[in-house]
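User: Can you walk me through how this chain holds itself together? I'd like the packing, then the charges, then the rings.

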Amino acid sequence: MADGARGPATGRRSWGAYFRRRSSNTSDQDDGVEKQPKPTWTMGILNDPETIEVPGSVLLLSKERNEPLGLRNAPARTSHSSLPTGMPPDAASVKEQEEAKKLTKDGQIILEPQPDDSHNDPLNWPAWRRDCALLCLGLYCMVGGGITPIIAAGFTNVADDYNIDVARVSLTTGIYMLGLGIGSVIFSPTAILYGKRPVYLFSSILFIASAVWCALSPTFTSLILARIFQGIAVSPVECLPSATIAEIFFLHERAFRLGIYTLLLLGGKNLVPLVSAAIINSLDWRWVFWIVAIVVGFCGILLFFFVPETFWDRSPIPKASRRISKRPSFFSRRSSAKVALSKGSQGAPAVIETAESNIKDGDAEVRDIEEKQEVVRAKKQRHIGFAPVMEDPALNEKQDDDNLPLTSLAVGPETIPPENAEMTTGSLTPINSPGRATDTNRTHENMTPTPETPSFRPAINQDSSAASYFHDPEAQLPASRALSSDTDSERHSFANISSATMGQAYTHRLRESPPQSFKSQLRIYSGRINQDKWWKAAVRPFILYSYPAVLWSSAVYACSVGWLIVISECVAVIYREGFYKFDALSTGLVYISPFIGGVLGTAVAGRVSDIIVRAMARRNGGLYEPEFRLVMAIPILITTVLGLVGFGWSADVDDAWIVPTVFFGVVSFGCSLGSTTAITFCVDSYRQYAGEALVTLNFTKNIFHGLVFSFFVTGWLKADGSKTVFMWIGIIQLVVLVTTVPMYIYGKRARMWTVRKNFMEKF
């Protein structure tokens, strides 16, 4: 009766009620009252019977803030990824760090991730440098993206040249996709261990060589082998640029830049075949590969000069290696000041000297740095003195007027500078100084030299031009740079460099070094940046097949992109050999339709999906579940199945050429929705494994779909007709998308099951 008296108003409780009850003081007083059990279902999703904190779920607290749930249940990574995943901050330090966050120029957006106070941090590069790197890389991706169906309009020409059947020529596409799949497994772990720059440059060289090989191929077998290596060369285009963009742009800048990258990649897949069709029509199909070699050579030059290594490890050293911070006594601070005075006359101590050394390649320098740090610790020299002060009359005048004592800053966490410490040019900035207190709301773009922060002005904030960048700044700056530690990665790197990983040591060297010149950034190889085993990094993407969300995403992504490749393989048979009798140029013009459909699909997919997700999260008490993304399967199913069946049926009954061409665009629209939904659902479910998941999705698309269908689809088309072929393809697409229903219902429990099994970290 008591429950009934409460009425229906309390029948449905929001997720926030559970969190309020957990922290309420009245819970102890109501011990006699039976607690309401957790609901089994929420918005059609089965909840985990043991916990509501499932990794992937996010509690939307406000428009500009959210709180991921299940972080304490999520396993910690034991390896590195091509995408920066970051580390959740300590709860105790969040409030202290919020006041010192760097902001944008207008002070409205907190920069995420927080950039280090180093000119060499990619996030501190001038905007023109970062955008230039994006455009150079985007142009390379545009060319690489269009290589898959590059001779689709000329299949008939290739068949005539080698005296083979047109159905066999489609193998050039399938074998190329085999190379894409193999290459992603090779280059992704290589980039994790050795950096992305050498991978980009090597792939461009291999790309040029394979294009020349294709142009000179005397036999069809030689062309097939050349296409395999061409696929391997182009594979970094699919798996690495997203990570590069994440490393050089802030969170609020990434969406627009990722949109540019996606547009260029998508444009390449549809516009490059159009250009190649014009070349085939006017010259010859071999000239397509000669021109590709010339264009890729130009792109390689751009990559060499304008896309430096972008790796920067922002993860702090794990808690286990940190020491408990203690505020020193008055006497220890007095002794620190004496040590600093004595060392100030003799020059900078050993730790600063390590910062003045040039960056060298290989693991030897990592060991040298760690050995030097251990020597310093063994001698109890935990303090950094002042670097040589620059001759500045204005600053010297101010120092004389203020009559400030010289003090030192601790490298380790045991010591903290005096509260009244102010720094001179070339010195360290105190974390808790009064000068810093006035700088808590500083902006990233408006940092100007002050007595408290005189020596660092991020490169992104300077009115730097291209001309100043090409000069050698190292000859104009003092050898020792001011050090600051206002981000987690900096503070913990200073304190625990001896226990740092290889990537943290690499970042530490760059952080301590003067700004790199244009010439120094042309270095092809900067040394190994991670200590993971290559074969383990290569195998990890395959373990993700045991994760239901990744398996579903792989199937949907493979079908979404794969059907476009299948249609490309059939274009020559339908438009050139069939009823329409098009030439190569007219066949290439057909690709305008999927280009328009793909652009519209990419533009609509994210916006519509976000609107649906926000509406469902509001009805769910502010709790977002990745499964909400699966609602997009409804428009995906309608557009793709309708487009596939319509394309095959209209071509079979000899409708006007515009009818199958329009259906081709409808398929492209639906496939863009499908690929976007598959990627977002996969990443939202397992954000910490996003790098490996992208490799898994692309491997599935290239091997299990692109390669397999290339063996029989054109022969099947010529034997049974386009109506039968695309009816069955539509049924396959329907069956794949129907699996969305159990994925939606059981997806949350499946996520928690994978967390408990922890397959990835057990490997």
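**Core, charges and rings**

Analyst: Let's start inside. The largest nonpolar core has 125 residues, and those touching the most other members are I150, F207, V292, I567, I574, Y575 and F726. Bear in mind that this is a predicted model.

User: Which helix gives the largest share of this core?

Analyst: The core in question is the one with 125 residues. Its largest share is 17 residues, and they come from α23.

User: Which residues does I567 touch, leaving aside those up to four places away in sequence?

Analyst: I567 is one of the core residues that touch the most other members. Setting aside residues up to four places away in sequence, its partners are L644, F647, F664, V667 and F726.

User: How many residues are in the second, separate core?

Analyst: Among its members are F311, W312, Y506 and L510. The core is separate from the first one, and its size is 5 residues.

User: Zooming out, what percentage of the residues in the protein chain is buried?

Analyst: The chain folds into 32 helices and 7 strands. It exposes about 33800 Å², with carbon and sulfur atoms supplying 62% of that area. Out of 763 residues, the buried share is 54%.

User: And what share of the contacts with a separation of 6 or more comes from residues 24 or more positions apart?

Analyst: This one counts contacts in the protein chain, starting from a separation of 6. Residues 24 or more positions apart account for 80%.

User: On to charges. How many residues apart in sequence are the parts tied together by R756 and D48?

Analyst: The structure holds 18 salt bridges. In the one between R756 and D48, the closest N and O atoms are 2.9 Å apart. R756 belongs to helix α31 (residues 740-757), while D48 is in the loop between β2 (45-46) and β3 (58-62), so the parts this pair ties together are separated in sequence by 708 residues.

User: Which residue of that pair is buried?

Analyst: The cut-off for buried is under 20% relative accessible area. R756 has 40%, so R756 is only partly exposed. With a relative accessible area of 5%, the buried one is D48.

User: What about R511: buried or exposed?

Analyst: R511 in helix α21 forms a salt bridge with D116 (2.8 Å, N to O), linking parts of the chain 395 residues apart. Its partner D116 has a relative accessible area of 1% and is buried. R511 is also at 1% relative accessibility, which makes it buried.

User: Which residue forms a salt bridge with K718?

Analyst: K718 lies in helix α29 (residues 713-720), and its partner is in the loop between α23 (548-576) and α24 (584-589), 141 residues away. K718 is partly exposed at 41%, and the partner is partly exposed at 32%. With the closest N and O atoms 3.9 Å apart, that partner is E577.

User: Which residues are joined into one network by salt bridges that share partners?

Analyst: Here the bridges have partners in common, and that is what joins the residues up. The network consists of D610, R629, D684 and R687.

User: Now rings. Why does the F305 and F518 pair count as stacked?

Analyst: The count of aromatic pairs is 31. For F305 and F518, the ring centres are 6.3 Å apart. Planes under 30 degrees apart count as stacked, and these two qualify because their planes are at 5°.

User: Where does F518 lie?

Analyst: F305 sits in helix α13 (residues 285-306) and is partly exposed at 35%, whereas F518 is buried at 13% relative accessibility. The pair ties together parts 213 residues apart in sequence, because F518 lies in the loop between α21 (502-512) and α22 (534-543).

User: What kind of pair do F579 and Y580 make?

Analyst: Y580 is buried, at 12% relative accessible area. The ring centres of F579 and Y580 are 5.4 Å apart and the planes sit at 75°, so the pair is edge-to-face.

User: Last one: which charged residue sits over the ring of W649?

Analyst: For W125, the charged end of R129 sits over the ring, 4.4 Å from its centre. Over the ring of W649, at 4.1 Å from its centre, sits the charged end of K723.

Key:
Residues numbered from 1 in each chain as written. Predicted model: local features only at pLDDT ≥ 70, side-chain atom pairs only at ≥ 80, totals over all residues. Heavy atoms only, no water. Phe/Tyr/Trp six-rings, centres within 6.5 Å; stacked < 30°, edge-to-face > 60°. Helix = DSSP H or I, 4+ residues; strand = E, 2+ residues; numbered from the N terminus. Buried < 20%, exposed > 50% of the residue type's maximum accessible area, 1.4 Å probe, protein only. Lys NZ or Arg CZ within 6 Å of the ring centre and 35° of its normal. Contact = heavy atoms within 4.5 Å. Areas by Shrake-Rupley, 256 points an atom, 1.4 Å probe, with all protein chains shown as cover. Salt bridge = Lys/Arg side-chain N within 4 Å of Asp/Glu carboxyl O. Core = buried A, V, L, I, M, F, W, Y, C linked by side-chain atoms within 4.5 Å.
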